[in-house]
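Hi there,

Here is the structure I promised to pass on, with my notes below it. I hope they are handy when you open the model at your desk.

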Amino acid sequence: MLQINILHVGNIKDLYLADAVSEYEKRLSASCKIRNVEIKEEKLPENPSEGEISQALRREGDRLLASLPAKSYKIALCVEGTELSSEAFSKKLSAAAVSGYSEISFIIGSSFGMDERVKRAADLRLSVSRMTFPHRLMRVILLEQIYRAFMISSGGKYHK
């Protein structure tokens, strides 16, 4: 069974988002194994300087890179990434699985973004939208799209 790893900086504090994450993880349990890896978010002052942000992203990047399974297909979620339709995303996940990857790792940065080294380590830079979303909500959106991708590849009715 395919292993899906979701590396995310910070945790979900809002109950409604945590409930949505749990719901999609439950739905996905028939199709794959989900492993969440929470990376500690750096604390920054109210109005951080560019230097403080850069240092925080570097420290978070160190922790992300250390936690990233080496032999997985790595997908960094970032605004400058490639946008895919749900159907193309489904094909991308299926292609990774049939190419010998038993794990797919998704990487979600903090509200300030993601260290460039982490993006370079990824096999794919994926943009969910050109719009900006809270990074905690991104886990829900990602899980929904992963679920949709499995339903598309299995011919399920959810996507219709």
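Let me begin with Lys13, which sits in the loop between β1 and α1. Before going further, please keep in mind that this is a predicted model. Lys13 counts as exposed because its relative accessible area is 63%. Its C-alpha atom is 8.5 Å from that of Arg136, although 123 residues separate Lys13 and Arg136 in sequence.

Next, the nonpolar interior. The largest nonpolar core has 31 residues, and those with the most contacts inside it are Ile4, Ile75, Ile104, Phe106 and Ile146. Two or more residues each come from β1 (3-9), α1 (15-28), β3 (73-83), α3 (86-98), β4 (103-108), β5 (124-127) and α5 (135-154). Which element gives the largest share of this core? That is α5, with 10 residues. There is also a second, separate core of 11 residues, and Val9, Ala76, Ile107 and Val118 are among them. As background, nonpolar side chains tend to be buried together in soluble globular proteins.

Ile104 is a good place to look at the packing residue by residue. Leaving out residues up to four places away in sequence, Ile104 touches Leu2, Gln3, Ile4, Asn5, Ser72, Tyr73, Ile75, Leu93 and Ala96. Leu77, in strand β3, is worth a look too. With a relative accessible area of 11%, Leu77 is under the 20% cut-off and therefore buried. With the same sequence neighbours set aside, Leu77 touches Phe106, Ile107, Ile108, Met114, Leu126, Val128, Met138 and Leu142.

Now to the helices, starting with α5. Of its 20 residues, 15 are buried, so α5 is mostly covered. At 1.5 Å a residue, the 20 residues of α5 should span 28 Å, and the end C-alpha atoms are 29 Å apart, which agrees. Gly155, just after α5, takes a positive phi of about 75°.

Helix α2 (residues 50-67) passes the same kind of check: its 18 residues should span 26 Å at 1.5 Å a residue, and its end C-alpha atoms are 25 Å apart, which agrees. The buried residues of α2 are Ile53, Ala56, Leu57, Glu60, Gly61 and Leu64. Seen down the axis of α2, these buried residues fall within an arc of 140°, so they line one face of the helix. The general reason for such spacing is that an α-helix has 3.6 residues a turn, so residues three or four places apart point the same way. What do the buried residues of α2 pack against? They pack against β1, β2 (33-39), β4 and α4.

Arg117 belongs to that last helix, α4 (residues 116-121). A polar atom of the Arg117 side chain lies 3.0 Å from the backbone oxygen of Arg58. Setting aside its neighbours within four places in sequence, Arg117 is in contact with Arg58, Gly61, Asp62 and Leu65.

Another polar pair involves Ser86, in helix α3. Is Ser86 buried or exposed? Ser86 is buried, because its relative accessible area of 18% is under 20%. The Ser86 side chain makes a polar contact with the side chain of Gln145, at 2.8 Å.

Finally, a word on cysteines, in case you were wondering about them. A disulfide is a covalent bond between the sulfur atoms of two cysteines. How many disulfides does a search of the whole structure find? The count is 0. Cys32 is buried, at 3% relative accessibility, and Cys78 is also buried, with a relative accessible area of 9%. Cys32 is placed in the loop between α1 and β2. Not counting residues up to four places away in sequence, Cys32 touches Met1, Leu2, Ile4 and Phe150. From C-alpha to C-alpha, Cys32 and Lys74 are 16 Å apart in space and 42 residues apart in sequence. The C-alpha atoms of Cys32 and Leu77 are separated by 20 Å, with their places 45 residues apart along the chain.

Happy browsing, and all the best!

Methods: Residues numbered from 1 in each chain as written. Predicted model: local features only at pLDDT ≥ 70, side-chain atom pairs only at ≥ 80, totals over all residues. Heavy atoms only, no water. Helix = DSSP H or I, 4+ residues; strand = E, 2+ residues; numbered from the N terminus. Polar contact = N/O pair within 3.5 Å; in protein donor to acceptor, adjacent residues only side chain to side chain. Contact = heavy atoms within 4.5 Å. Disulfide = S-S within 2.5 Å. Buried < 20%, exposed > 50% of the residue type's maximum accessible area, 1.4 Å probe, protein only. Core = buried A, V, L, I, M, F, W, Y, C linked by side-chain atoms within 4.5 Å. Expected span 1.5 Å × (residues − 1). Arc of directions from axis to C-beta.
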